[in-house]
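The following note is offered for discussion alongside the sequence and the coordinates. Its points are numbered so that each may be answered separately.

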Amino acid sequence: MMKRAPWPVMVAMLLSIALNLWFAGAPSLSWFPAALIAWYFADFASGITHMVMDYKPCRQGIGLDRLYFFEGSRESEDYLALRGRVWREMGPFEKLVYDFKNHHPRPEALGRRPMLVQIGSTICFASLPASILLNLAAWLLLLPGWLVFGSVILLVGGTFAQYFHGTLHRADNPRIVEWMRSAGLLMSPDAHQLHHDTLTRDFATNNGWSNPLVNRIFALAIRRRWLTESGLTPQ
């Protein structure tokens, strides 16, 4: 289950991003292409992550299959007791893998989660460490401003990937999400529905720019059996 990042981690993330931007220096024309390239790679990262998590097998023998295929109310005492027992057996990463699979039959659940919950795991395990490393690299290696700024855009796109995914499964979104969709910077729910209809294509969920490449990588992974359909649901 996704959780909100602890407030000290959130504060550390904001301060680290602010320092990233300070290292980027004064804006220049080179920032624009750097931002577009970074936005593409943020989408690509969302697609590869989504693909791997969808098809990575869950650990067997702890009851995840019974949890996933549970018939009846998910507010019932039986379901909550089963979830409590299974959750105690799982680590944070295993819960995240399960969440990706559980999203397919119940996509609306992701849209109901608050933004800070949706981005919490990403901040803790990826964004904050990456931002700190970027600051160290910018300080020690004197990175050019356009590269630092592009890296910040990549961090922001990666951090909010699951939130952007969640907005595809809800009708009421902030105005900025609608503006970004109109500009082609975020994908539409109809475009994302192609993934849910097949589970074999269009894994990227930020804007879909990288889906042609991600689809080719997925086809190769299936052909080489690096990924198999048995990983789509808990066994």
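Is Asp202 buried or exposed?

1. Asp202 counts as buried, with a relative accessibility of 7%. The model is a predicted one, and this should be kept in mind for every point below. Asp202 is placed in the loop between helix H12 (189-198) and helix H13 (211-223). Its backbone also deserves attention, since phi of Asp202 is near 55 degrees, a positive value in a residue other than glycine. Most residues other than glycine have a negative phi.

2. Leu142 is a second residue to examine for its backbone: it is not a glycine, yet has a positive phi of about 55 degrees. Leu142 sits in the loop between H8 and H9. Is Leu142 buried or exposed? Its relative accessible area is 70%, and because exposed means over 50%, Leu142 is classed as exposed.

3. The packing of helix H1 (residues 7-24) against helix H9 (residues 145-159) may be considered next. Their axes lie 7 Å apart and make an angle of about 155 degrees. Because angles over 145 degrees count as roughly antiparallel, H1 and H9 are described in that way. The crossing of H1 past H9 is left-handed. On the H1 side, the residues in contact are Met13, Ile17, Asn20, Leu21, Phe23 and Ala24; on the H9 side, they are Gly145, Val148, Phe149, Val152, Leu155 and Thr159. By class, this contact of H1 with H9 contains nine nonpolar residues, three polar and no charged.

4. H9 also packs against H2. The angle here is about 35 degrees, and the axes are 8 Å apart. H2 passes H9 in a right-handed crossing. From H2, the residues Trp31, Ala34, Ala35, Ala38, Trp39, Phe41 and Ala42 take part; they meet Gly145, Trp146, Phe149, Gly150, Ile153, Leu154, Gly157 and Gly158 of H9. The contact of H2 with H9 comprises 11 nonpolar and four polar residues, with no charged ones.

5. A further partner of H9 is H8. The axes of H8 and H9 cross at roughly 175 degrees and come within 10 Å. H8 is therefore roughly antiparallel to H9. Thr122, Ile123, Ser127, Ala130, Ser131, Leu134 and Ala138 of H8 meet Val148, Ser151, Val152, Leu155, Gly158 and Thr159 of H9. The contact of H8 with H9 has seven nonpolar and six polar residues, and no charged ones.

6. Which residues of the largest nonpolar core touch the most other members? They are Trp39, Ile123, Phe149, Ile153 and Leu186, in a core of 24 residues. At least two residues of this core come from each of H1, helix H2 (31-55), helix H8 (120-141), H9, helix H10 (161-167) and helix H11 (175-182). H9 provides the largest share, five residues. Apart from this core lies another, of 15 residues, among them Leu82, Trp87, Leu96 and Tyr98.

7. Trp39 merits inspection on its own. When neighbours within four places in sequence are left aside, Trp39 is in contact with Ile153, Gly157, Phe164, Met180, Leu185, Leu186, Asn207 and Trp209. Ile153 and Leu186 in this list are, like Trp39, among the core members that touch the most others.

8. Asp54 belongs to helix H2. Its relative accessible area is 0%, and Asp54 is accordingly buried. Which residues does Asp54 contact, leaving aside its neighbours within four places in sequence? These are Phe100, Lys101, His104, His195, Phe203, Gly231 and Leu232. Between Asp54 and Ser73, 19 residues apart in sequence, the C-alpha to C-alpha distance is 24 Å.

9. Two prolines complete the list. Pro57, in the loop between H2 and helix H3 (64-68), is exposed at a relative accessible area of 55%. Its C-alpha atom is separated by 31 Å from that of Leu133, 76 residues apart from Pro57 along the chain. Pro6 lies in the segment before H1 and counts as partly exposed, at 44% relative accessibility. Pro6 and Leu147 are 141 residues apart along the chain, and their C-alpha atoms are separated by 29 Å.

Key
Residues are numbered from 1 along each chain as its sequence is written. This is a predicted model: local features need pLDDT of at least 70, side-chain atom pairs count only at pLDDT 80 or more; totals for chains, interfaces and linings use all residues. Side-chain values use heavy atoms; hydrogens and water are left out. Axes are lines fitted to C-alpha atoms, for helices over the stretch in contact, and angles run from 0 to 180 degrees between N-to-C directions. Helices (H or I, at least four residues) and strands (E, at least two) are DSSP runs, numbered from the N terminus. Angles under 35 degrees count as roughly parallel, over 145 as roughly antiparallel, 65 to 115 as roughly perpendicular and the rest as oblique. A crossing is left-handed if the near helix is turned anticlockwise from the far one by less than a right angle, and right-handed if clockwise. Contact means heavy atoms within 4.5 Å. Ala, Val, Leu, Ile, Met, Phe, Trp, Tyr, Cys and Pro count as nonpolar, Asp, Glu, Lys and Arg as charged, and the others, Gly among them, as polar. A nonpolar core is a set of buried Ala, Val, Leu, Ile, Met, Phe, Trp, Tyr and Cys residues joined through side-chain atoms within 4.5 Å. Buried means under 20% relative accessible area, exposed over 50%, partly exposed in between (1.4 Å probe, protein chains only).
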